[in-house]
Amino acid sequence: MKIITSIFDLNKEIKNYKNVGFVPTMGGIHDGHISLIKASQKKKNKTIVSIFVNPTQFNKAIDFRKYPRNIQKDIVCLKNLKVNYLFLPTRKDIYKFKARKFILRKKDKILCAKFRKGHFEGVLNVMNRLMSIIKSKDIFMGEKDYQQLYLIKKFLSKKFDVRINACPTIRAVDKVALSTRNKLLNKKSLKKASQIAKLLIKIKKRSKLCSSKLKIDLSNYKIEIEKKFNIKIEYLEFRDEKNLKLDNFKSKFRLFVAYNINNIRLIDNF
Ligand code: AMP
């Protein structure tokens, strides 16, 4: 595996991006990331993984500081996976050139965009930069961050003429969606997260049997779950998979949740 730390070296190294799949990450590599890497390896001749903890997408400085990082462990893991390139850019390199700024309209200020001000503007900003540096035509991203996937498809896939390959959420045996942030959870919180995930899986199953999803009173569930687990839920909503609309269940729908547990914010969808 070649480790590349500057845009200059990257351009020298990778001439033909056609056969290179791109997996952008913030590190703390886990089986969720690994599933994206394997999907890329299956489809493309070569795979480039980037690790960059992007400061502009954190709306709280403390959250950025506390974000789990373990680059040495990540390097060993990616080498074992036979990843071809690891791109480890500096903040200076990523933000040194002028690029378009993204502002979300009212209609997109839903779910996480409503609760994490500036988060997706930061995500779109960095992805716009990464995609203009790494000219891969296939990017592999997880459904775990469904709204991120949706917004990147909406704002960037046409601009760069890329295919965003959506990969399913990988869960631990206890049903908690794998996430680098889980490293911040203590045993008790992890157990609660597992019970919450199992409960939400049940609600989703039940909703599929209902003729109208709207019959399921999520506001009651929200109160119940908050009380039972002593957590604060930001949102618990069924939304259409295609357009993230609230009240259009003609096509497939998902149950979206974000909550805070011991000051750690977790998101998931089912
Ligand atoms: P992150 O390092 O958290 O920014 O995630 C990098 C990529 O991995 C994003 O496309 C995420 O959606 C994806 N990802 C994170 N967790 C999972 C998971 N449990 N299953 C599948 N993909 C994931």
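Which strands make up the open sheet with antiparallel pairing, and in what order do they come? In this predicted model, that sheet is built from three strands in the order 7-8-9. Its edges are strand 7, covering residues 232-240, and strand 9, covering 264-269, and each of these pairs on one side only. Going from one strand to the next, the twist averages 10°.

A closer look at one pairing helps to place the residues. Strand 8 takes in residues 253-261 and runs antiparallel to strand 9, with six bridges joining the two. One spot to look for is V257, whose bridge partner in strand 9 is D268.

Then there is the other open sheet, this one with six strands. Here the pairing is parallel, and the strand order reads 1-4-3-2-5-6. Strand 1 (2-4) and strand 6 (163-167) sit at the edges, each with pairing on one side only. Neighbours in this sheet are turned against each other by 25° on average, leaving direction aside.

At one end of that order, strand 5 (residues 138-142) pairs with strand 6 in the parallel sense, and five bridges hold the pairing on record. Within it, F140 of strand 5 stands opposite N165 in strand 6.

Next comes the ligand. It sits in the largest cavity, and the elements giving two or more residues to the shell around it are strand 2 (20-25), helix 2 (31-43) and strand 5. Helix 2 gives the most, with three residues. Strand 5 thus turns up twice in this account: it pairs with strand 6, and it also contributes to the ligand shell.

How many residues surround the ligand, and which come nearest? There are 17 around it, and M26, H33, D145, I170 and L178 are the ones that come nearest.

Two of those five also show up in polar contacts with the ligand. For D145, a polar side-chain atom lies 2.6 Å from a ligand oxygen atom. For L178, the backbone is involved instead: one of its N or O atoms lies 2.9 Å from a nitrogen atom of the ligand. The backbone of G142 joins in as well, with an N or O atom 2.9 Å from an oxygen atom of the ligand. As for how covered the ligand ends up, it exposes 490 Å² when taken alone, and the protein buries 93% of that.

Notes
Residues are numbered from 1 along each chain as its sequence is written. This is a predicted model: local features need pLDDT of at least 70, side-chain atom pairs count only at pLDDT 80 or more; totals for chains, interfaces and linings use all residues. Side-chain values use heavy atoms; hydrogens and water are left out. Two strands pair if DSSP finds at least two bridges between them. Helices (H or I, at least four residues) and strands (E, at least two) are DSSP runs, numbered from the N terminus. Axes are lines fitted to C-alpha atoms, for helices over the stretch in contact, and angles run from 0 to 180 degrees between N-to-C directions. A residue is near a molecule or strand if one of its heavy atoms lies within 4 Å of it. A polar contact is a pair of N or O atoms within 3.5 Å; within protein, one must be able to donate a hydrogen and the other to accept it, and residues adjacent in sequence count only if both atoms are side-chain atoms. Accessible areas come from the Shrake-Rupley method with a 1.4 Å probe; for residues, only the protein chains shown count as cover. On a 1 Å grid over the protein atoms alone, a cavity is a set of points where a 1.4 Å probe fits but cannot get out, and a pocket is an open set with protein on both sides within 12 Å along at least five of seven lines; lining residues have an atom within 4 Å of a point. A molecule sits in a cavity or pocket if more than half of its atoms lie within 2 Å of its grid points.
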